[in-house]
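Here is a quick tour for someone seeing this structure for the first time. Have a look at the picture, then read on.

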Amino acid sequence: MIYLICLMIVGIIGFQVALIAGAPWGRLTQGGQVDGPLPLAGRIIAAVSILLLGAIALALLSAEGHWPHWPRWTTWAAVAVIGISTILNWITPSSAERRLWGPIMTVLLCLTLAVVWA
């Protein structure tokens, strides 16, 4: 299951990389306030998201006994960030963002909780 989670995270990172590169998907992210490519500030947020997603993946890998063997609290921090992100994606004013990211983040949250409670 951890590999499915990591695959999902890699996919989300790919989306963030595309945003940084100028993909015209502003309506699908960050509240859907931008029609087209994100401005510089939005691209910086996407870059920070990549770092956060990488840390989440490493924390969850650690929970399964893999490298980098971070403390258990990092797993709970990852769950909290994914949980908050899930809520934010369901309450965003952007209907396109809700339809895309709401279900994806809900599945990611459920898989993450399954790893934590296993």
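Leaving aside its neighbours within four places in sequence, which residues is Gln-16 in contact with? The partners are Ala-46, Ser-49, Ile-50 and Leu-53, where contact means heavy atoms within 4.5 Å. Before going further, a word on where the values come from. This is a predicted model, so local features need pLDDT of at least 70 and side-chain atom pairs count only at pLDDT 80 or more, while totals for chains, interfaces and linings use all residues. Residues are numbered from 1 along each chain as its sequence is written, and side-chain values use heavy atoms, with hydrogens and water left out.

**The overall picture**

The protein chain has four helices and zero strands, and its pattern along the sequence reads α-α-α-α. Helices here are DSSP runs (H or I, at least four residues), strands are E runs of at least two, and the numbering starts from the N terminus. Along the principal axes, the C-alpha atoms of the protein chain fill a box of roughly 40 × 25 × 20 Å. The radius of gyration is 14 Å, which agrees with the value near 13 Å for a compact globule of 118 residues. That radius is taken over C-alpha atoms, and the globule rule is 2.2 Å times the number of residues to the power 0.38.

How much of the protein chain counts as buried? The figure is 42% of the 118 residues. Buried means under 20% relative accessible area, exposed means over 50%, and partly exposed is in between (1.4 Å probe, protein chains only). The accessible surface of the protein chain comes to about 6,300 Å², with 75% of it belonging to carbon and sulfur atoms; such areas come from the Shrake-Rupley method with a 1.4 Å probe. As for contacts in the protein chain with a separation of 6 or more, 55% of them link residues 24 or more positions apart.

**Two helices side by side**

Back to Gln-16, which sits in helix H1. Gln-16 counts as buried because its relative accessibility is 8%. Its helix, H1 (residues 2-20), packs with helix H2 (residues 40-63) at an angle of about 170 degrees, their axes being 9 Å apart. That makes H1 roughly antiparallel to H2, a label for angles over 145 degrees. The axes are lines fitted to C-alpha atoms over the stretch in contact, and angles run from 0 to 180 degrees between N-to-C directions.

By class, the contact of H1 with H2 has 17 nonpolar, three polar and one charged residues. Ala, Val, Leu, Ile, Met, Phe, Trp, Tyr, Cys and Pro count as nonpolar, Asp, Glu, Lys and Arg as charged, and the others, Gly among them, as polar. On the H1 side the residues include Ile-2, Cys-6 and Gln-16, and on the H2 side they include Arg-43, Gly-54 and Leu-61.

Leu-61 is part of helix H2. Leu-61 is buried because its relative accessibility is 17%. Beyond its neighbours within four places in sequence, Leu-61 is in contact with Ile-2, Cys-6, His-66 and Trp-67.

**A residue in helix H4**

Met-105 lies in helix H4 (residues 95-117). With a relative accessible area of 7%, Met-105 is buried. Not counting residues up to four places away in sequence, Met-105 touches Ile-12, Ile-82, Ser-85, Thr-86 and Asn-89. Met-105 and Ala-80 are 25 residues apart in sequence, and their C-alpha atoms are 12 Å apart in space.

**Odd spots in the loops**

Most residues other than glycine have a negative phi, and most peptide bonds are trans. Here are two residues with a positive phi, although neither is a glycine.

| Residue | Phi | Loop | Relative accessible area |
|---|---|---|---|
| Gln-30 | about 50 degrees | between H1 and H2 | 31%, partly exposed |
| His-69 | about 60 degrees | between H2 and H3 | 55%, exposed |

Which residues does a cis peptide bond join? The pair is Trp-67 and Pro-68, with omega about 15 degrees. Pro-68 is in the loop between H2 and helix H3 (72-91).

Trp-70 is found in the loop between H2 and H3. At 34% relative accessibility, Trp-70 is partly exposed. Its contacts, not counting residues up to four places away in sequence, are Ala-55, Leu-58, Ala-59 and Ser-62. The C-alpha atoms of Trp-70 and Gly-36 are separated by 38 Å, with their positions 34 residues apart along the chain.

Terms used:
Angles under 35 degrees count as roughly parallel, over 145 as roughly antiparallel, 65 to 115 as roughly perpendicular and the rest as oblique.
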